[in-house]
Amino acid sequence: MATLSPPSDPDRTVICIGDIHGYFWKLQSLWTNLEASVGNVAFETALVIFLGDYCDRGGETKDVLDFLISLPSRYPRQRHVYLCGNHDFAFAAFVGALPPTPDGSALSATWAEYEQNEEREGWFKGKGYEEMHVQGRRWGGSMGGRWNPKKGMAFKGSIYDAGPTFESYGVPHGSAELVEAVPALHKTFLQNLVWVHEEKDILIDTDEGRICCELIAVHAGLEKSKGVAEQLKALKDRDTRLPKVEDLSGRINVWEIPKELSEKPTIVISGHHGKLHIEGLRFIIDECGGLEHLPMAAIIFPCKRIVRSTI
């Protein structure tokens with residue numbers, strides 16, 4: 001394994017914050033605990049990477065987005081990175097805030113691959129559906145209150161649990177009025193979310209001492225079956241012709257670090273999986289998983305300290 005050159009800023013603090021899922025009160029608590037944990041000086045100049053999934057399940061998505069949008073003006077010396085999660089992608093798709101397709105093709109072309117699920121998932125068929133990406137239709141659809149065995153609760157509106165997001169903007173679930181209810185500033189935020197972030201010169205404490213790494217942050221992870229360069233290009237291009245972006249929504253296929261990244265120390269950090277998992281340089285920071293009774297988590301580098309919201 002190659003060793004990277006020493007970083008230009010050896011004292012830099014990096015904070016990666018896991019899935020928020022509409023729980024503003026948890027985010028506020030976590031933010032306060034992070035500042036107390038790293039100290040005011042380091043906090044004021046930290047690189048803060050949000051790992052995606054800001055909406056759904058919790059009932060305060062509007063407040064969450066207001067908070068995130070306010071950070072650059074409130075903390076001008078911090079750097080903020082906002083990753084796109086699969087829930088954010090679908091939210092953006094519903095309100096018309098996805099990046100345009102690179103060739104100008106219709107987003108409705110994404111339906112075909114998953115049309116066999118339309119009835120079971122109760123896809124949205126209201127105003128504007130004809131030009132909507134498949135994930136937007138799934139997000140605004142209705143599961144009819146059926147039970148979600150993975151979460152141990154009934155679906156909250158759609159298969160994405162989007163009902164509370166609609167309600168946070170003052171409209172009922174599945175209402176096309178959400179398109180007008182979401183402020184332009186929120187739509188711009190959603191449209192500008194990055195699908196991947198790369199960072200050099202990240203220090204991390206290991207059993208062998210402190211090492212310098214590269215970092216790749218992506219909501220779900222990188223696929224083992226595809227080349228890393230190919231995936232990074234696709235993620236940077238934000239190609240919305242894809243019906244499903246595996247790096248934002250995959251499970252087992254994105255759990256591990258691709259072997260080709262073993263040639264040089266590379267942190268791969270994600271949220272998404274509803275777990276707190278650390279194995280070598282693979283970090284999955286999503287202890288909450290959108291469940292109300294579990295804390296929201298973040299990790300601090302170089303010390304790898306886990307900080308949680310106070311429940």
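Visitor: What is the strand order of the open sheet of 5 strands, and what kind of pairing does it have?

Guide: In this predicted model, the order is β6-β7-β8-β10-β9, and the pairing is mixed. On average, neighbouring strands in this sheet are turned by 25° against each other, direction ignored.

Visitor: What makes β6 and β9 edge strands?

Guide: Look at their partners. β6 (197-206) and β9 (276-279) each have a single partner strand, so one side of each is left without a neighbour in the sheet.

Visitor: How do you know in which sense β7 and β8 pair, parallel or antiparallel?

Guide: Strands count as paired from at least two bridges, and β7 (residues 209-217) has 4 of them with β8, in the parallel sense. At one position along this pairing, I216 stands opposite V268 of β8.

Visitor: And what joins β8 to β10?

Guide: Here there are 3 bridges between β8 (residues 266-270) and β10 (residues 282-285). With at least two bridges required for pairing, these strands qualify, and they run parallel. V268 has R282 as its bridge partner in β10, while S270 is matched with I284.

Visitor: Why is the sheet's pairing called mixed?

Guide: The pairing of β9 with β10 is antiparallel, over 4 bridges, whereas β8 and β10 run parallel. Both senses occur, and the sheet is therefore called mixed. Within the antiparallel pair, L276 stands opposite I285 of β10. The hairpin of β9 and β10 has 2 residues between the strands, and G280 there takes a positive phi near 65°.

Visitor: What makes β8 count as mostly covered?

Guide: Buried means under 20% relative accessible area, and 5 of the 5 residues in β8 are buried. T266, V268 and S270 point one way, I267 and I269 point the other way, and all are buried. That layout goes with a general pattern: side chains in a regular strand alternate between the two faces of the sheet.

Visitor: Let us turn to the nonpolar core. Which residues touch the most other members of the largest one?

Guide: F50, Y54, L68, F91 and L178 do, in a core of 62 residues. Several elements supply at least two residues each, including β1 (14-17), α1 (24-38), α3 (61-74) and β11 (297-301). Apart from this core lies another of 20 residues, with L83, I202, L281 and F283 among them.

Visitor: Which residues is Y54 in contact with, beyond its neighbours within four places in sequence?

Guide: Among them are I20, H21, G22, V64, L68, Y82, F189 and L193.

Visitor: G22 is on that list. Why is G22 called buried?

Guide: The cut-off for buried is under 20% relative accessible area. G22 has 0%, so it counts as buried. G22 is found in the loop between β1 and α1, and touches Y54, C55, D56, G58, G59, E60, T61 and V64, leaving out residues up to four places away in sequence. G22 and K62 are 40 residues apart in sequence, yet their C-alpha atoms are 7.8 Å apart in space.

Visitor: What makes the phi of H21 worth a look?

Guide: Most residues other than glycine have a negative phi. H21 is not a glycine, and its phi is positive, near 50°. H21 is found in the loop between β1 and α1, and its relative accessible area of 2% makes it buried.

Visitor: R238 also has a positive phi. Why is R238 called partly exposed?

Guide: Partly exposed covers the range between under 20% (buried) and over 50% (exposed). R238 has 21%, so it counts as partly exposed. R238 has a phi of about 50°, and is found in the loop between α10 and α11 (246-249).

Visitor: How do you know what kind of peptide bond joins F301 and P302, cis or trans?

Guide: Omega is about 15° there, and the bond is cis. In general, most peptide bonds are trans. P302 is found in the loop between β11 and β12 (305-308).

Visitor: One last pair. How do α1 and α3 cross, and what makes their contact?

Guide: Their axes come within 9 Å and cross at roughly 35°, in a left-handed crossing. The contact is made by F24, L27 and W31 of α1 with D63, V64, F67, L68 and L71 of α3. By class, the contact has 7 nonpolar, no polar and 1 charged residues. Asp counts as charged, so D63 is the charged residue here.

Terms used. Residues numbered from 1 in each chain as written. Predicted model: local features only at pLDDT ≥ 70, side-chain atom pairs only at ≥ 80, totals over all residues. Heavy atoms only, no water. Core = buried A, V, L, I, M, F, W, Y, C linked by side-chain atoms within 4.5 Å. Buried < 20%, exposed > 50% of the residue type's maximum accessible area, 1.4 Å probe, protein only. Contact = heavy atoms within 4.5 Å. Axes fitted to C-alpha atoms, helices over the stretch in contact; angles between N-to-C directions. Left-handed = near helix turned anticlockwise from the far one by under 90°.
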